[in-house]
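Trainee: Could you take a close look with me at the salt bridges, please? I would also like to hear what else to look at once we have gone through them.

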Amino acid sequence: MEHAHTLVVLVEDQPGVLNRVVSLLRRRSFNIDSITVGHSEQPGMSRMTLVVRGEDADVEQAGKQLYKLLEVMKVTDLSEGEAITREIVMVKVAAKGQSRSEILQIAQVYNARVLDVTPSTLMIEATGDEAQIDSFLTMMRVFGIREMVRSGKIAMSRTSGTSRQGKADAPSNGVYAAAD
Amino acid sequence: MAANSIAVSPTAILEEADHGQAAAPEILSGAAITCRSLEEEGVRTVFGYPGGAVIPLYDAIPSSSLHHVLVRFEQWAGLAADAYARATGEVGVCIATSGPGATNLVTALANAQLDSIPMVAITGQVGQALIGRDGFQEVDITGVSLPVTKHNYLVQRAEDIAPTIKEAFYLARSGRPGPVLVDIPKNVFISKVPYIYPSKTGRKSYQPTTKPNIRQVRLAAEEIRHSKKPLIMAGHGIILSGAGPEFQQFAERTGIPVIYTLLGLGSMSELHPQSLGMMGMHGHRHVNRALEECDLLINIGARFDDRATGRLSGFAPNARVVHVDIDPAEIGKNVKTHVPVVGDAREALTMLIEEVDFGDHKAWLDWIDGQRNRVLEAALEDRPEWPEPYAIIRGIAEATDNEAILTTDVGQHQMWAAQQFGFKYGDRWITSGGLGTMGYGLPSAIGAKMGRPDLEVWSIVGDGGFQMSFSELATAVQENLDINIAIINNGYLGMVRQWQDLFHNHNYSEVRISAPDFVQLAEAFGATGIRVTSDEDIMPAIQRARSIKGPVVIDFVVEPEANVYPIVPPGASNSEMMHDPQWSPDEEDV
Ligand SMILES: Cc1ncc(C[n+]2csc(CCOP(=O)(O)OP(=O)(O)O)c2C)c(N)n1
Ligand SMILES: [Mg+2]
């Protein structure tokens with residue numbers, strides 16, 4: 001069945017690496033829902049979080065293709081349950097008169113923070129998983145969203161290790177390993 | 001994000017590694033360093049064409065040991081380098097200037113990418129001060145070539161040239177081979193820096209698996225043990241890894257019949273009794289029938305290309321599948337695989353030989369033999385009845401004892417060559433498989449001859465494809481190359497005409513193609529031209545061409561509307577072959 005997969009990709013921070021990753025997924029007809037990139041805990045390495053939609057087998061193929069990029073060190077498919085995901089959203093909401101206090105109350109429920117205030121709007125930041133953000137936005141829509149920006153998902157596995165091994169020792173199904 | 005990040009340049013790593021070196025390094029220009037680096041990699045021949053951005057590089061070529069072959073169009077430089085690589089097993093090298101020179105290489109890069117050919121392309125780029133400002137002849141060739149290279153580089157400092165070229169060659173030839181492009185700005189060629197050729201290369205992030213997992217090898221051997229009708233599908237990977245001897249040993253030990261993909265032909269001699277011939281769209285009848293019948297398919301070094309498999313749902317319907325490939329991404333990409341073996345074909349075969357039992361599949365081989373097209377085979381025993389293009393291709397095979405390098409262009413003549421030549425060696429069969437690049441014939445003959453001057457080189461070309469690249473006759477004459485070009489001149493873009501004939505109600509649209517007088521054309525270039533219009537002149541013309549020095553063009557004027565058979569219609573399964581009405585009168589059953 002087709003569903004969204006969260007791929008975490010550890011890459012060497014070389015010029016053009018984002019272009020290479022995106023270009024590869026495009027030419028192999030994979031749809032990217034979101035992509036985020038930033039430095040990782042290791043100098044010279046970045047971590048990307050990609051949300052890709054597709055059948056399990058297709059996404060596995062995407063992972064194998066990504067490994068072929070010289071800069072890609074490690075690809076991990078964080079399927080549901082094993083990982084914590086977070087997204088950040090900033091919204092500018094129409095907030096006049098009494099709706100202002102209502103908005104502040106709702107924001108509190110979502111642990112959201114007010115970043116800026118004008119006579120007619122409030123700028124609010126919320127963090128959470130996709131469902132929490134969606135639900136927060138549903139509430140805000142009632143008052144009228146003037147502007148909104150979402151960061152795209154970042155994710156981290158719940159296991160104790162870091163995802164930083166090289167390709168050679170990253171067997172997902174025993175096929176890659178030159179063990180024995 | 002990459003723009004403001006600190007890039008790990010290969011130089012940084014290598015400066016550390018080479019710290020021990022004593023004598024003060026020479027100060028050289030980037031251009032001289034480029035030539036030295038190529039020499040260090042063992043390059044003897046480069047194919048190229050000069051222009052503004054590479055003038056500094058060309059300044060350094062005469063004082064190097066490189067033999068530069070001046071082509072007439074950059075695409076043919078790239079394809080000649082590709083064929084040079086196929087013929088020698090070395091990395092092919094081509095050079096072009098920025099902008100139009102570089103974009104002219106794109107087709108050749110794609111050709112090498114799809115057929116996994118080790119190649120390094122050096123392109124000039126406008127000076128760094130102009131990059132991003134639409135300078136004269138500026139094209140973002142690293143951007144353009146991204147999808148058609150294994151990797152590419154834009155070199156930013158002269159100090160980076162040597163380590164980048166070292167890494168480029170390593171990438172091109174290791175793992176699954178492929179083309180690598182190195183783009184060097186003009187001012188980087190000019191600037192002078194200390195030259196040290198690094199002794200090491202490689203990256204943590206690039207560790208191709210060459211030695212397969214023994215557990216997988218044992219599982220494969222187990223499959224073979226339990227199979228009654230096994231079939232080996234031999235692919236290009238066997239040739240690329242130089243595994244010919246190991247492959248033959250494996251095939252002989254197990255006794256399993258061998259079929260070939262287009263690019264796998266010759267991975268074992270086709271004259272071997274276990275060799276059955278080519279599979280797929282224009283595969284032999286008995287080969288495609290064997291695929292339908294087999295219970296185990298052992299794919300060694302092929303990627304299950306659609307021209308080989310036909311419609312996937314009808315492909316080898318009764319078979320379990322073992323797939324040996326160096327590229328893990330190929331496993332399961334097109335065909336469900338029961339036992340994947342990831343690794344280099346040579347290493348995999350060496351390990352497999354240890355694990356498999358001696359076997360004999362006489363009954364199964366006999367069954368397959370019974371599926372042969374008897375009518376055609378009988379006719380082929382008796383030379384005067386040979387259909388024309390067969391006679392030409394078999395004639396060349398016979399005259400050269402199947403030992404010549406045979407290159408082709410793309411079209412009907414290519415398929416006839418694949419079906420009829422009978423290849424003894426994989427590295428002497430040079431054809432554009434994955435990309436199907438028309439124009440490949442003549443430049444590939446030039447590349448092959450430059451690489452293997454000791455071997456006789458023939459190219460089978462169509463009248464269409466030859467008209468794309470015949471300007472390279474000038475290159476062949478300039479280099480005084482003994483190459484023989486056989487034009488299968490049917491007056492048509494034959495392969496397209498055939499599809500229009502069979503699948504588009506005989507609606508011939510833009511396939512009738514006129515041509516210059518090829519004999520006069522050859523003579524105008526300073527080559528030799530021969531025309532053959534009747535069957536009895538075929539062999540004498542072939543023999544005459546072999547005795548003449550320099551390039552020879554034979555214009556074989558053939559039946560205009562002959563079709564290649566069998567043919568699996570596009571989108572159909574390999575079991576739905578169409579057969580030659582003339583040579584298969586017994587084909588009511590399909
Ligand atoms: C560069 C390029 N353009 C178009 C094609 C499509 N194509 C494949 S075969 C063919 C006809 C080739 O005609 P010719 O060279 O005369 O060979 P024939 O099929 O007649 O033997 C064409 C146009 C191609 N493969 N490559
Ligand atoms: Mg033709």
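Mentor: Happy to! Let's start with the term itself: a salt bridge here is a side-chain nitrogen of Lys or Arg lying within 4 Å of a carboxyl oxygen of Asp or Glu. Please keep in mind that this is a predicted model. Over all chains, the structure holds 42 salt bridges.

A good one to begin with joins B:Glu403 and B:Lys424, whose side chains meet with N and O 2.8 Å apart. This pair links distant parts of the chain, its two residues being 21 apart. B:Glu403 sits in the loop between helix H18 (388-399) and strand S15 (405-408) of chain B, while B:Lys424 belongs to the loop between helix H19 (412-420) and strand S16 (429-430) of chain B. As for exposure, B:Glu403 counts as partly exposed because its relative accessibility is 26%.

Now go to B:Arg303, which forms a salt bridge with B:Asp305; their closest N and O atoms are 3.4 Å apart. B:Arg303 is partly exposed at 22% relative accessibility, and B:Asp305 is partly exposed too, with a relative accessible area of 23%. Next, look at B:Arg307 and B:Asp306, another salt bridge, where 3.7 Å separates the closest N and O atoms. Here B:Arg307 is partly exposed, at 44%, whereas B:Asp306 has 52% relative accessibility and therefore counts as exposed, the cut-off for that word being over 50%.

Salt bridges can also be joined into a network. One such network links A:Lys68 with B:Arg176, B:Asp327, B:Glu330 and B:Lys333, so you will need both chains on display to see it.

You asked what else to look at, and the magnesium ion (ligand 2) is a nice next stop. Its protein donors are B:Asp463 (OD), B:Asn490 (OD1) and B:Tyr492 (O), at 2.0 to 2.1 Å from the ion. Along the sequence, these donor residues follow the spacing D-x26-N-x1-Y. B:Asp463 lies in helix H21 (residues 463-469) of chain B and B:Asn490 in the loop between strand S18 (483-489) and helix H23 (494-503) of chain B, so this pair ties together parts that are 27 residues apart in sequence. Both B:Asp463 and B:Asn490 are buried.

For a look at a strand, find S14 (residues 339-342) of chain B. B:Val339 and B:Val341 point one way from S14(B), B:Pro340 and B:Val342 point the other way, and all of them are buried. In a regular strand, side chains alternate between the two faces of the sheet. Strand S13 (residues 320-325) of chain B runs parallel to S14(B), and four bridges join the two. Within S14(B), B:Val342 is the bridge partner of B:Asp325.

The cysteines are worth a visit as well. No disulfides are found in the whole structure. Take B:Cys94: the closest cysteine sulfur, in B:Cys35, is 15 Å from its own, so a bond is out of reach. B:Cys94 is buried, with 0% relative accessibility, and B:Cys294 is likewise buried at 0%.

Finally, turn to the surface of chain A. A nonpolar patch there is formed by A:Val22, A:Ile35 and A:Val37, which together have about 170 Å² of accessible area. A:Val22 is placed in helix H1 (residues 17-27) of chain A, and its relative accessible area of 31% makes A:Val22 partly exposed.

Notes: Residues numbered from 1 in each chain as written. Chains lettered and ligands numbered in written order. Predicted model: local features only at pLDDT ≥ 70, side-chain atom pairs only at ≥ 80, totals over all residues. Heavy atoms only, no water. Disulfide = S-S within 2.5 Å. Buried < 20%, exposed > 50% of the residue type's maximum accessible area, 1.4 Å probe, protein only. Pairing = 2+ DSSP bridges. Patch = residues over 30% accessible without salt bridge, like charges linked within 9 Å, V, L, I, M, F, W, Y side chains within 5 Å. Areas by Shrake-Rupley, 256 points an atom, 1.4 Å probe, with all protein chains shown as cover. Donors = N, O, S within 2.8 Å, 3.2 Å for Na, K, Ca; no water.
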